[in-house]
Amino acid sequence: MTIALQYTAEQRAFRAEVRAWMEANVPADPLPTLEGAEGFAAHREWERTLAKGRWGMVTWPEAYGGRSCNLIEWLIFEEEYYRAAAPARVNQNGIFLLGPTLMEFGTPEQKARYLPKMASGEEIWAQAWSEPQAGSDLAAIRATAVRDGDDYVLRGHKIWSSRATFADWCFGMFRTEPGSEKHHGISFILVPLRHPGVRVRGIPQIHGEMGFAEIFFEDARVPVGHRLGGEGQGWHIAMATAGFERGLMLRSPARFQVTAQKLVELYRRLATSLDPALGAAVAQAWMDAEAYALNTYMTASRLMNGGTIGVEASLNKIFWSELDLAMHQAAMSMLGASAELLPHAPDAEDLGNWLEGWIFSLAGPIYAGTNEIQRNIIAERLLKLPRG
Amino acid sequence: MDFTFSEEQRMMAAAVRELLDDVCSPAAIRRAVEGREDLSADRWARYCELGLPGVLAPEAAAGLGLEATDFVLIAEECGRAAVPEPLVEHAGVAVPLLAELAGTPRAIEVLDGAASGVLRLGIGHPVNPFVLGGGGCDFVLLMADDEVHLLARSSIGVTVEPSVDASRRLARVEWAPASQTQVAGGVAALAAVERAFQRGALYAAAESLGLAQRMMELGVAYACERKQFGRQIGSYQGLKHHFASAQVKLEFARPVVYAAVTRAGDVDDRAAAAISHAKLAAVAAADACSRIAMQAHGAMGYSWEVDLHFYMKRAWALAGVWGDRSFHSRRVQQLLGSGRLPIGPDQTFVRTGD
């Protein structure tokens, strides 16, 4: 017995099944950006199509619209998904972050209530964690949930919530214990976004679209049953969610491998006029994308053999965000004077995708916990360096 | 698909670590490098007790008959300990090459001796200008055109080339091929030599991982101990973030090396790309770890008194042998630039003939 890096016959058959479905169902033309109203609706429709094929979240049990796939099968699904250039997942905060959290901490009633509609795209989720004074210092949140009979009354101001402008629900962190500090006294609460006392105001992102929003809670009432886990357990649950976010689920390797592949093709097209140093940058990008894939398979194998994922999530987050940035930086350098063209510019052809990707990659080292915070986590929890 | 080492492989690596912690402690390395005590023969005897020289030799030749992947964790442990003897090249590269080609009674006899560790076998591959252990070997495998030759130490001319890593006894060798020294020739010999090159690069990469790990440990330990401005220096983000960045490089080099070793023996473009990637990634990780480990030590890190430099110098040496950075980087660039290498998310694990 040793490392076995071959797919089984079942896994190959599964790949073929995914590939055939994607070939038949992925829209021929790319959807409009999901950061705008029209694109958001188109992406929601795509989630319905996926759900009809039971491809919404393949790792989930059948009861919630999934296929009970293991992690290797999930990686194969992702590889075929990105290979087919299928649309971005508009419900990524739901399916990749809240979904696994619900699976671990939700009551049977909560799972039955939220997971199927999440998998089908009927309910799109946003994350309501950051506040104007609580970014990297997330435990500094001030939003409160005051118990009143069978309800919580929510007050506070959340910000930088991706896709909240058009989403249906949010999962937030609120202080349920008055006067509590830091990570104590916080609860994890699910709140509808179109709801009395909840006001959402879009914030234009660097590209001008309303890609994120701030959310004001002005005495919004939700039943106590909207709380996930115990009262005061919110920080613990949120850290599990953050682990999913930085760890395996949110950024599977295939998207980066496809970008690396396109980068190599771009390089081959333009090579004769390029600085040879770009050839080294392209090779490095391809190698790093492969390294990320190999590391993910190794992690998946470890998890399937009963292991766990902890601080490794922070290593992953740094690696994929810096890789994405490096790949797009190389592309922007290669495109030279055409790099600035917007996707709809008459002479942009498909080059505008690099610009969009470049802009999005700039967010990578910031969201899901800045890379500086991740480096602190690695230094203190993995390497056991003293706390500052 | 299961990207985990077996229990047996992990136990073997643990046994090697235990042995090396005993015989190749930093203090032992220091004594060896400073030439104060020559325990090389004693150490070699201990490696033989564990069967290390013949790990990859067939059981018929007194070896353990294990496979390329079985040696990668062992090579990593040898790197972590900066083993002063050329054990990795002997057991991981030279012995398997001879095992592949040995047909004459003379070659088989030398193989038996090398597998049991009674004889020390060196290898002079065309990619390396010098032979490691050239002066101390009993026999050396040498290549001329498409021929592989086996020469006794007494029949080659040796010029010692002192290395910054004093435990690496390098030599330039002068020799003349003769019909009685030839063990193989032609296409089969060339393929075997290419496989030897693969193992050389892969196990140098694995050693680099081990060195990176050791240097990280030394740097972190010092940063936890040393105080300035009334605080442990490791509590400052200025150091923490450098350590974390180096750790990222190390963690993402490991699976690359482990996956590449499963391609050892495939002489094709996919193996070439994977093995070059492994060497580049492991060497870059060792470089990153050595830089932050030295920086954390401050002036101490620049002194002979601290052990760090023994490991650092080994890492420098391994960066250059079995294909240096330019060789491997250019090879990957050529494979990608020519469009010969199939790439994409469904290609990572494909083997020729799948």
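1. Two strands count as paired here if DSSP finds at least two bridges between them. Helices (H or I, at least four residues) and strands (E, at least two) are DSSP runs, numbered from the N terminus. With that in hand, take strand β4 (residues 147-152) of chain B: β4(B) pairs with β7(B) in the antiparallel sense over 3 bridges. One of the matched positions is B:Val148, whose bridge partner in β7(B) is B:Ala184.

2. Some housekeeping before going on. This is a predicted model, where local features need pLDDT of at least 70 and side-chain atom pairs count only at pLDDT 80 or more, while totals for chains, interfaces and linings use all residues. Residues are numbered from 1 along each chain as its sequence is written, chains are lettered from A and ligands numbered from 1 in the order in which they are written, and side-chain values use heavy atoms, with hydrogens and water left out.

3. Back to that sheet in chain B. It is open, has 4 strands in the order β1-β3-β4-β7, and its pairing is mixed. At the edges sit β1 (121-124) and β7 (182-185) of chain B, each pairing on one side only. From one strand to the next, the twist averages 20°. Angles run from 0 to 180 degrees between N-to-C directions, with axes being lines fitted to C-alpha atoms, for helices over the stretch in contact (heavy atoms within 4.5 Å).

4. Two helices lie across this sheet. Helix α5 (residues 87-101) of chain B crosses β1, β3 (139-144), β4 and β7 of chain B, running at about 85° to β1(B). Helix α6 (residues 105-116) of chain B lies across β1, β3, β4 and β7 of chain B too, at about 65° to β4(B).

5. Chain B also has an open sheet of 3 strands in the order β2-β6-β5, with antiparallel pairing. Its edge strands are β2 (131-132) and β5 (157-161) of chain B, each paired on one side only. β5(B) meets strand β6 (residues 170-174) of chain B over 5 bridges, with B:Val158 opposite B:Val173 and B:Glu161 opposite B:Leu170. β2(B) and β6(B) pair over 2 bridges, and there B:Leu132 has B:Leu170 as its bridge partner.

6. Now the interface. 56 residues of chain A are in contact with 49 residues of chain B. The buried area is about 4,800 Å², and carbon and sulfur atoms give 69% of it; this is the accessible area (1.4 Å probe) that two parts lose on being put together, summed over both. In chain A, the residues losing the most area to chain B are A:Ile3, A:Leu5 and A:Trp286, together 15% of what that side buries.

7. On the polar side, there are 3 salt bridges between the chains (a side-chain nitrogen of Lys or Arg within 4 Å of a carboxyl oxygen of Asp or Glu). A:Arg19 forms a salt bridge with B:Asp346, the closest N and O atoms being 3.0 Å apart.

8. Which elements of chain A give two or more residues to the side that touches chain B? They are α1 (9-25), α3 (71-83), α7 (254-270), α8 (276-304), α9 (312-335) and α11 (371-382) of chain A. α8(A) gives the most, with 16 residues.
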